[in-house]
Amino acid sequence: MNDQARVPATAIGYVFKIEPADKAWAYIGQSTRLDSKHIDGYFGSGAFMTEVIAAQGTSRLTKTIVAMAASPLELHYLEMLHIAQARRDGVRVGNGDLGGPRPYPNLQQALREVAPTVMRAADDPKRFYDALVKHRDLIEQAILDSSSVPADAFYAGMERDLRATEDLTHPCPACGSDVGEVCRTNSKSLTKPRNPTSNHSKRPRS
């Protein structure tokens, strides 16, 4: 697919949907890379899509751009909205959380503090989708709050998120992380910080 012609000049990113031929599930993601090669070739980096791509590649998957965003705030909100919409419509969604900025625990905490009414509806797909539409201002405030946490808190939340979603049953030959340990950035540097990161492509998966 090539949606490059549909990218407006004001866009900073887009929300996309991935589906198999039988539409048995869907995965909703976001990207700020707007070049045609990336639009055509990027199918998401979450744990669910990583496993799907490792098992069967992308040739039988369809990627559709479902929304364009003019700011990072709008991009996060629209991703959350489309994930909620898919769940409302009864689609089996491959996303493990609500979408939005990473790490997810920070967003979850901000939503509880800023939009408790919305979070109380999280177990009911229809009510939750309706709440996201009705209380967009609160959701966007939570997104902003979760995106402005100190670096230490950000990486601590990211590590919790990765431990819950990544396959850590094998050591990583790329960064040297052992079984049970998340992958790290700057693995070959003696001075740069070794922050948690998503599984490297060379890390085996079960």
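User: Ala9 lies in the segment before β1. Why does Ala9 count as exposed?

Analyst: Quick note before that: this is a predicted model, where local features need pLDDT of at least 70, side-chain atom pairs count only at pLDDT 80 or more, and totals for chains, interfaces and linings use all residues. Residues are numbered from 1 along each chain as its sequence is written, and side-chain values use heavy atoms, with hydrogens and water left out. Now for Ala9. Exposed means over 50% relative accessible area, buried means under 20%, and partly exposed is in between (1.4 Å probe, protein chains only). Ala9 has 85% relative accessibility, so the label is exposed. You can also follow the chain from there: Lys192 is 183 residues further along, and the C-alpha atoms of Ala9 and Lys192 are separated by 36 Å.

User: How do you know how confident the predictor is in the protein chain?

Analyst: Look at pLDDT, the predictor's confidence in each residue, from 0 to 100. The mean for the protein chain is 91, and 97% of its residues reach 70 or more. Going by element, helix α6 (residues 125-134) has the highest mean, 98, while helix α8 (residues 151-165) has the lowest, 85. Where pLDDT is low, the predicted coordinates shouldn't be read in detail.

User: What makes a stretch of the protein chain a helix or a strand, and how many of each are there?

Analyst: They're DSSP runs, numbered from the N terminus: H or I with at least four residues for a helix, E with at least two for a strand. Here you get 8 helices and 5 strands. In sequence order they go β-β-α-α-β-α-α-α-α-α-α-β-β.

User: How do you know whether the radius of gyration agrees with a compact globule?

Analyst: There's a rule for that: 2.2 Å times the number of residues to the power 0.38, with the radius taken over C-alpha atoms. For 206 residues that comes out near 17 Å, and the protein chain has 17 Å, so the two agree. Its C-alpha atoms fill a box of roughly 50 × 40 × 35 Å along the principal axes. As for the inside, 43% of the residues are buried.

User: Why is Val52 called buried, and what is Val52 in contact with?

Analyst: Val52 has 11% relative accessibility, so it falls on the buried side. You'll find Val52 in helix α2. Contact means heavy atoms within 4.5 Å. Leaving aside neighbours within four places in sequence, Val52 is in contact with Trp25, Gly57 and Leu61.

User: Which residues of helix α4 are buried, and what covers them?

Analyst: In α4 (residues 104-114), the buried ones are Tyr104, Pro105, Asn106, Leu107, Ala110 and Leu111. Their cover includes α3, α5, α7 and α8.

User: What joins Arg102 and Pro103?

Analyst: A cis peptide bond, with omega at about 0°. Pro103 sits in the loop between α3 and α4. Most peptide bonds are trans, and most residues other than glycine have a negative phi.

User: What is phi for Lys23 and for Asn186, and how accessible are those residues?

Analyst: Phi of Lys23 is near 55°, a positive value in a residue other than glycine. Lys23 is in the loop between β1 and β2, and its relative accessible area of 56% makes it exposed. Phi of Asn186 is near 50°, also positive. Asn186 lies in the loop between β4 and β5, and at 30% relative accessibility it counts as partly exposed.

User: What makes the largest pocket a pocket, and what lines it?

Analyst: On a 1 Å grid over the protein atoms alone, a pocket is an open set of points with protein on both sides within 12 Å along at least five of seven lines, whereas a cavity is a set where a 1.4 Å probe fits but cannot get out; lining residues have an atom within 4 Å of a point. The largest pocket has a volume of about 770 Å³ (the space filled by probe spheres set on the points, which are joined across faces, edges and corners). It has 32 lining residues, and the closest to its centre are Tyr27, Ser45, Gly46, Arg102 and Ser198. The largest share of the lining, 5 residues, comes from β2.
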